[in-house]
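Hi,

Here is the structure I said I would pass on. Have a look at it first, and then read on for what I found.

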Amino acid sequence: MLKVENVTKYYDDNLAVDNLSFTINPGEIFGLLGVNGAGKTTTFRMIMNLLTPTEGKISLNNQEIDYKLTEKIGFLTEERSLLTKLTVKEQVIYYATLKGMAEENILEKLDYWLARFGVSEYKDRKIKELSKGNQQKIQFITAIIHEPDLLVLDEPFTGLDPINVELFMNVIREFKEKGKMILFSSHRMEHVELFCEKLVILKKGKTVLSGSLKEIKQNYQKKTIRINADVDINDLKKIKGVTEAFKENLDIIVKIANKEYIEDVFKVVKKSSNVTKFVVEDASLNEIFLNTVGEEYEK
Ligand code: ATP
């Protein structure tokens, strides 16, 4: 289990992370979200023992994080720190040896992962000759080759095409099945929504929302109703509790302040003709994120 307890980090006078707490259990995928500068990378660096918290404690499997424990962690950093003059094979051997693996074992695993990611032919090519997406695959391989207990992935899907996003997601899901812990950040809420179970949203280092994705969505009051009917949008706008009503392709979208107003909207729609759709949806994580972190995200 990864336990982050009341962690605060200052860079001189600048408060980067403020009293952050969360836990990740084996087999859980956890999202750390926030706009630029929210404190995600700082948190990752503290977990990887590259920075020391000003206050608070971080432990992995009941042991306080220190250099030795980092062998149990695999990470994909935001800076994509590859040694570009090395070949793929040299690179992976270098990192995996640091994590305590024997060369024979590294080579066997490397062949498996290169084939899995469809990049076997690049094994003896220099990193700098590879495309960005393929470099990212190699970095991902260096993060997972030693089968760490905890996988820390800072923006793992940035720059990947949809096929490769799926490939990365499948591997991450497999790690989950094996009981590994996965901590990741992403600015793409649709990726988070696809496979993350628990999350924290940070704003200027402070936790503004935390919990399971399911609970967060259920507890979020605002709902969306998707309607297909010959109904006047202005009649819908007049209903108390309706915050927005607009047309989106063939549907009419009505946003309501909370579920109490579903009935009132239904009464108006019922009177119209050709009602073929009336679907109440929870807010998307993107909507919740925007409402929680405020207008700063939209700048
Ligand atoms: P991004 O999405 O842009 O990567 P982030 O959520 O990872 O952002 P951090 O990089 O952790 O955010 O930054 C949190 C705060 O700490 C910001 O105010 C940033 O300016 C500050 N900060 C980060 N690194 C340093 C550093 N080395 N020295 C001083 N301040 C720093």
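The centres of domain 1 and domain 2, taken over C-alpha atoms, are 42 Å apart. Keep in mind that this is a predicted model. The domain assignment puts domain 1 at 2-214 and domain 2 at 221-282.

Now the ligand. Which residues come nearest to it? Of the 13 around the ligand, they are Gly-37, Gly-39, Lys-40, Thr-41 and Thr-42. Two elements, strand 2 (14-24) and helix 1 (40-47), each give at least two residues to the shell. Helix 1 has the largest share, with 3 residues. Sorted by class, the shell is made up of 7 polar, 4 nonpolar and 2 charged residues.

There are some polar contacts from side chains to look at when you zoom in:

- Thr-42 has a side-chain N or O atom 2.5 Å from an oxygen atom of the ligand.
- Thr-41 places a polar side-chain atom 2.6 Å from a ligand oxygen atom.
- Tyr-11 has a side-chain N or O atom 3.4 Å from a nitrogen atom of the ligand.

As for how covered the ligand is, it exposes 640 Å² when taken alone, and the protein buries 64% of that.

The other thing worth opening up is a sheet. It is an open one of 4 strands, in the order 12-13-11-14, and the pairing is antiparallel. Strand 12 and strand 14 (273-282) are the edge strands, each pairing on one side only. On average, neighbouring strands here are turned by 20 degrees against each other, direction ignored.

Starting from the strand 12 edge, strand 12 (residues 242-248) runs antiparallel to strand 13 (residues 251-256), and 6 bridges join them. If you want a pair to find your way by, Ala-245 has Val-254 in strand 13 as its bridge partner. These two strands form a hairpin with 2 residues between them, and Asn-249 in that hairpin takes a positive phi near 50 degrees.

At the other edge, how many bridges join strand 11 (residues 223-230) to strand 14? There are 7, and these two strands run antiparallel as well. Here you can use Lys-223 as a marker: its bridge partner in strand 14 is Asp-282. When you follow the side chains along any of this, remember that in a regular strand they alternate between the two faces of the sheet.

That's what I have for now. Over to you!

Technical notes
Residues are numbered from 1 along each chain as its sequence is written. This is a predicted model: local features need pLDDT of at least 70, side-chain atom pairs count only at pLDDT 80 or more; totals for chains, interfaces and linings use all residues. Side-chain values use heavy atoms; hydrogens and water are left out. Two strands pair if DSSP finds at least two bridges between them. Domain bounds come from an automatic or database domain assignment. A residue is near a molecule or strand if one of its heavy atoms lies within 4 Å of it. A polar contact is a pair of N or O atoms within 3.5 Å; within protein, one must be able to donate a hydrogen and the other to accept it, and residues adjacent in sequence count only if both atoms are side-chain atoms. Accessible areas come from the Shrake-Rupley method with a 1.4 Å probe; for residues, only the protein chains shown count as cover. Ala, Val, Leu, Ile, Met, Phe, Trp, Tyr, Cys and Pro count as nonpolar, Asp, Glu, Lys and Arg as charged, and the others, Gly among them, as polar. Axes are lines fitted to C-alpha atoms, for helices over the stretch in contact, and angles run from 0 to 180 degrees between N-to-C directions.
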